[in-house]
Amino acid sequence: MGFTLAQHPRLSVLELDNCCLSQVAQCHIVAGIISNRWVPMKVMYGFRAGPPMVAIGALEIMAQHMSNEECFRLRRDIQMKTLLKWMENNRASQTENPSFLT
């Protein structure tokens, strides 16, 4: 299920009501959701996303009491900042060593 969530091209709402999911299952689901860079999850029902996100190291412990939407937004912000930093570092290294990649 985690792989499916990570690869789904349009899924932005997930309803898992009336499900009995173990903590491991919740961690797999959350890992799949935050791995999908193309379609960010906006709404999820069925369990709180904060505790599994903290368990897998995706969020700081202080975020475990946030709503699911807040957790997803915070995680997206973290991912975007990381991506921006990576792009800036690559741009800087290409400027310093232009012949390195050719």
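The legends below describe close-up views of a predicted model.

**View 1. Helix H2 and its buried residues.**
Helix H2 covers residues 23–35. Its 13 residues should span 18 Å at 1.5 Å a residue, and the end C-alpha atoms are 18 Å apart, which agrees. Buried in H2 are Gln26, Cys27, Ile29, Val30, Gly32, Ile33 and Ile34. These buried residues pack against two strands, E1 (13–15) and E2 (43–45), and against helices H1 (2–7), H3 (50–55) and H4.

**View 2. Alanine 31 in helix H2.**
Alanine 31 is also part of helix H2. With a relative accessible area of 27%, alanine 31 is partly exposed. Its C-alpha atom is separated by 10.0 Å from that of glycine 57, and the two residues are 26 residues apart along the chain.

**View 3. Helix H4 and what covers it.**
Helix H4 comprises residues 68–96. For its 29 residues, 1.5 Å a residue gives an expected span of 42 Å; the end C-alpha atoms are 42 Å apart, in agreement with that value. The buried residues of H4 are Asn68, Cys71, Phe72, Arg75 and Gln79. H2, E2 and H3 are among the elements that cover them.

**View 4. Cysteines 27 and 71.**
The structure holds zero disulfides. The closest cysteine sulfur to that of cysteine 27 belongs to cysteine 71 and lies 13 Å away, too far for a bond. A disulfide would need the two sulfur atoms within 2.5 Å. Cysteine 71 is likewise in no disulfide, and its nearest cysteine sulfur is that of cysteine 27. Cysteine 27 is buried at 14% relative accessibility, and cysteine 71 is buried with a relative accessible area of 0%. Cysteine 27 is one of the buried residues of H2, while cysteine 71 is one of those of H4.

**View 5. Nonpolar surface patch around tryptophan 86.**
Met80, Leu83, Trp86 and Met87 make up a nonpolar patch on the surface. Together they have about 420 Å² of accessible area. Tryptophan 86 lies in helix H4. It is exposed, and its relative accessible area is 52%; the cut-off for exposed is over 50%.

**View 6. Arginine 73 and lysine 42.**
Arginine 73 is located in helix H4. At 44% relative accessibility, arginine 73 is partly exposed. Along the chain, arginine 73 and lysine 42 are 31 residues apart, and their C-alpha atoms are separated by 8.0 Å.

**View 7. Methionine 41 and its contacts.**
Methionine 41 sits in the loop between H2 and E2. It is buried, at 5% relative accessibility. Not counting residues up to four places away in sequence, methionine 41 touches Leu11, Ser12, Val13, Leu14, Ile33, Phe72 and Arg76. Of these contacts, Ile33 is a buried residue of H2, and Phe72 is a buried residue of H4. The C-alpha atoms of methionine 41 and serine 12 are separated by 4.3 Å, although the two residues are 29 residues apart along the chain.

**View 8. Asparagine 18 in the loop between E1 and H2.**
Asparagine 18 belongs to the loop between E1 and H2. Its phi is near 60°, a positive value in a residue other than glycine. Asparagine 18 is exposed, with a relative accessible area of 83%.

How values were computed:
Residues numbered from 1 in each chain as written. Predicted model: local features only at pLDDT ≥ 70, side-chain atom pairs only at ≥ 80, totals over all residues. Heavy atoms only, no water. Buried < 20%, exposed > 50% of the residue type's maximum accessible area, 1.4 Å probe, protein only. Patch = residues over 30% accessible without salt bridge, like charges linked within 9 Å, V, L, I, M, F, W, Y side chains within 5 Å. Areas by Shrake-Rupley, 256 points an atom, 1.4 Å probe, with all protein chains shown as cover. Salt bridge = Lys/Arg side-chain N within 4 Å of Asp/Glu carboxyl O. Helix = DSSP H or I, 4+ residues; strand = E, 2+ residues; numbered from the N terminus. Expected span 1.5 Å × (residues − 1). Contact = heavy atoms within 4.5 Å.
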